[in-house]
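Let's take a look at how two chains meet, and at a few details on either side of that meeting. The sequence and structure come up next.

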Amino acid sequence: MDAIQQAVGDPLFYGVVSPALKILVLLFLGVLPLITYLVLAERKILGYMQARVGPNRVGPWGILQPIADVMKLLVKGDNIPNQAVKWAFILAPCLVVAPAFIIFAVIPIGPPAGELGPLDWFVTDVNAGILFVIAMATIGVYGLIIGGWSSNNKFSLMGGLRSAAQMISYEVPQGLSLVAPLILYGTMSLVGMVQAQAAMSWQVRLITLVPMVISFFIYLVAGVAESNRNPFDLPEAESELVAGFHTEYSGMRFALFFLGEYANMIVISAVATTVFLGGWLPPVAALGFIPGPIWFALKVFVFLFAYIWFRGTFPRYRFDQLMDLGWKWLIPLALGNLALTAVIKLWLLYR
Amino acid sequence: MNELNQSPFADVDPATEMSDSLFARGEEMELNFGPQHPSTHGVLRLKLRVDGERITDCYPIIGYLHRGTEKLFELHPFFQNVPHTDRMDYVAAATNNLAYVGAVEKLVGLVIPPRARYIRTILCELQRISSHLLWLATHAIDIGAMTPFFYTFRERELILDLFEQFCGARLTLNCMRPGGLPHDLPVGWTDKCREFIGLFPAACDEYEGLLTHNRIWKKRTVGIGVLPPDVAVDYGITGPMLRGSGIQWDLRKAMPYEAYGEVEFEVPIGQNGDTYDRYLVRMEEMRQANRIIAQCLDKLPEGPILAKRPRVMKAAKDAEVYYGIESPKGEIGFYIVGDGTPNPYRCHVRPPSFVNLQSLPELTKGYLLADLVALIGTTDIVLGEVDR
């Protein structure tokens, strides 16, 4: 036991070995299997919503389907069109996937060291964590634009343009909706935000309920738009643009776009969980015997289910209507909400 | 490739076009839409001119499914031509059959026994529901709503099962003969049919629950592709497209055929002539079709199902006839000229899809690319019928 304590206290272990191990575990045991099984879950849930059963041939209840899919994508021919701009065509999928994965480094799936085991339940706690998340999420749009443009296909180009306009427009309300909780919690660190939520009294919770709920819904809508999911899946609108920006992609490069989309869904769910729903905290103290990471996962799954539910329910917005919704409704609402939060914070909480 | 490079917009003066669009509105792009595109409902090809997302010009190119059906009619005796009609509007074979056999009956002068008339009416109305269900499925999926597709196919499957029990085929029915029907209803068929009409209104409510009051659905359809009534009449548009524009014209009411004169039903019409009105009209038509089937089943008379007819049907020399009925898509008519032999001398089809497709350039002008797929859906075309 002493040896473990000593090892944990060692700066080499704490600074280098532990984050590296955590990244490996998080990526290969956490995010990647989650994404592959999220695809299966989506197909199953959509299946049951749509009066059919979904995949059920590979393994019992189709649980080996994701493995079969990944194998298929890995061995499929990787085609680069002759007319494509080769370097950009290769770069684009990486630009989508990498930032989405990097964000997981700052997301706390459990409490810091000491509360639950000797290690932190996150890779690192950046003091500007929420800014890091927004900055990284912004890089993803380059992958879509470059992919759409470099394919040298008119439909891909339109998909790329749509994604550029859409993601830039929706980053504004998304960012603004995160500023309101930031004002309230007084910290930008994601771990700090969860701890601030734990420290809030019920009176404060009641007073800030309205602006927080508004903020939450703006974030949710903007998040769905940001991850290009139905009803905001215009960049890849199948019935209009064939497959949008990834029309020309095949094999593993296509799979990377796919991974990026699902990783983004999880990231947005995880950030919403952390900022608005108390991260790893149990909803009531009496349920505290269930460990934090399980609560975190449950909350994230609720969001992911909502994503799939939206897809089963809504038609797709039109491009200009999407812009209207973003600029004429969400941004003014987010700004007003920001002012309201600031007023509450200054007049009610500091008095 | 050569054809692609040749602009179909040759009538546009390049000089004014330059000053008008290139600088004022941005550079226009020519976009080839189809024939291999997920939402062209078959092999429709559109040459588009787009300014960003906005469509400035649309030029439909058809003929990818041309099979020379009208010529084929001339090569076979009257009674052998029914299967060809199945393959024109292949999602509504029964109404095609009826239009053709109706024309032949008029040409030869046959009187159809009442039981056959009623069964034909039931088949046509079942076909109307199944065709509208397919339209709803594809229209919704074009606009991005995925789930109605599966719900409608659930009920369409029941209709296809009924067809299968009656004539052995599910799509290409070949279920009518000049003079009546090939055979009577199988035992227990009416009960299964009653079961279907019992559950269908609830299913209809389910589709409408997903779409009718959905804000996004309304945003995508209300005020999109407005077809003014006078323009609709000028183009010769028929069917739900015409009624969506507010014109009360349905051949089932205007010139009743088969048993339509003896049943009660309403013809729904729209007010604004937009995509949403056409959606509502078709939804209501499905409910009315259900009503017609119920009445026909109640009144279904006993008796023979085939008229007394000559062994070899021959038309008089120079006899010509036009017979049109209300198919799910509009007026389908057959114009047949006889020359005294058992074969038609000439058989021309008036396909509703072909006529309704003409309105597409008018409908799409100025709308966005996303509206284009909604408008292709709302015209409800079947390319087998357009190209023949």
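What follows covers the contact between the chains, a sheet in chain B and one leucine in chain A.

Keep in mind that this is a predicted model. Start with the contact: chain B puts in 27 residues, and chain A puts in 23 residues. On the chain B side, several elements supply at least two residues each, namely β1, α6, α7, α9 and α16. Here is where they sit in chain B:

| Element of chain B | Residues |
|---|---|
| β1 | 29–33 |
| α6 | 114–142 |
| α7 | 147–167 |
| α9 | 215–221 |
| α16 | 369–379 |

What does that side of chain B consist of, in nonpolar, polar and charged residues? The split is 16 nonpolar, five polar and six charged.

β1 of chain B turns up again in an open sheet of three strands, where the order is β1-β2-β3 and the pairing is antiparallel. Why is one side of β1 and of β3 (54–61) of chain B left without a neighbour in the sheet? Both stand at the edges with a single partner strand each, so that side has nothing next to it in the sheet. From one strand to the next, the twist averages 20°. Zooming in, β1(B) pairs with β2 (residues 45–51) of chain B over five bridges, in the antiparallel sense. Within that pairing, B:Leu31 has B:Leu48 in β2(B) as its bridge partner.

Over in chain A, helix α2 (residues 11–49) holds A:Leu34. Is A:Leu34 buried or partly exposed? With 18 other C-beta atoms within 10 Å, A:Leu34 counts as partly exposed, because buried would take 20 or more. A:Leu34 and A:Ala263 are 229 residues apart in sequence, yet their C-alpha atoms are 9.0 Å apart in space.

Terms used: Residues numbered from 1 in each chain as written. Chains lettered and ligands numbered in written order. Predicted model: local features only at pLDDT ≥ 70, side-chain atom pairs only at ≥ 80, totals over all residues. Contact = placed C-beta atoms within 7 Å. Helix = DSSP H or I, 4+ residues; strand = E, 2+ residues; numbered from the N terminus. Nonpolar A, V, L, I, M, F, W, Y, C, P; charged D, E, K, R; others polar. Pairing = 2+ DSSP bridges. Axes fitted to C-alpha atoms, helices over the stretch in contact; angles between N-to-C directions. Buried ≥ 20, exposed ≤ 12 C-beta atoms within 10 Å, placed from the backbone.
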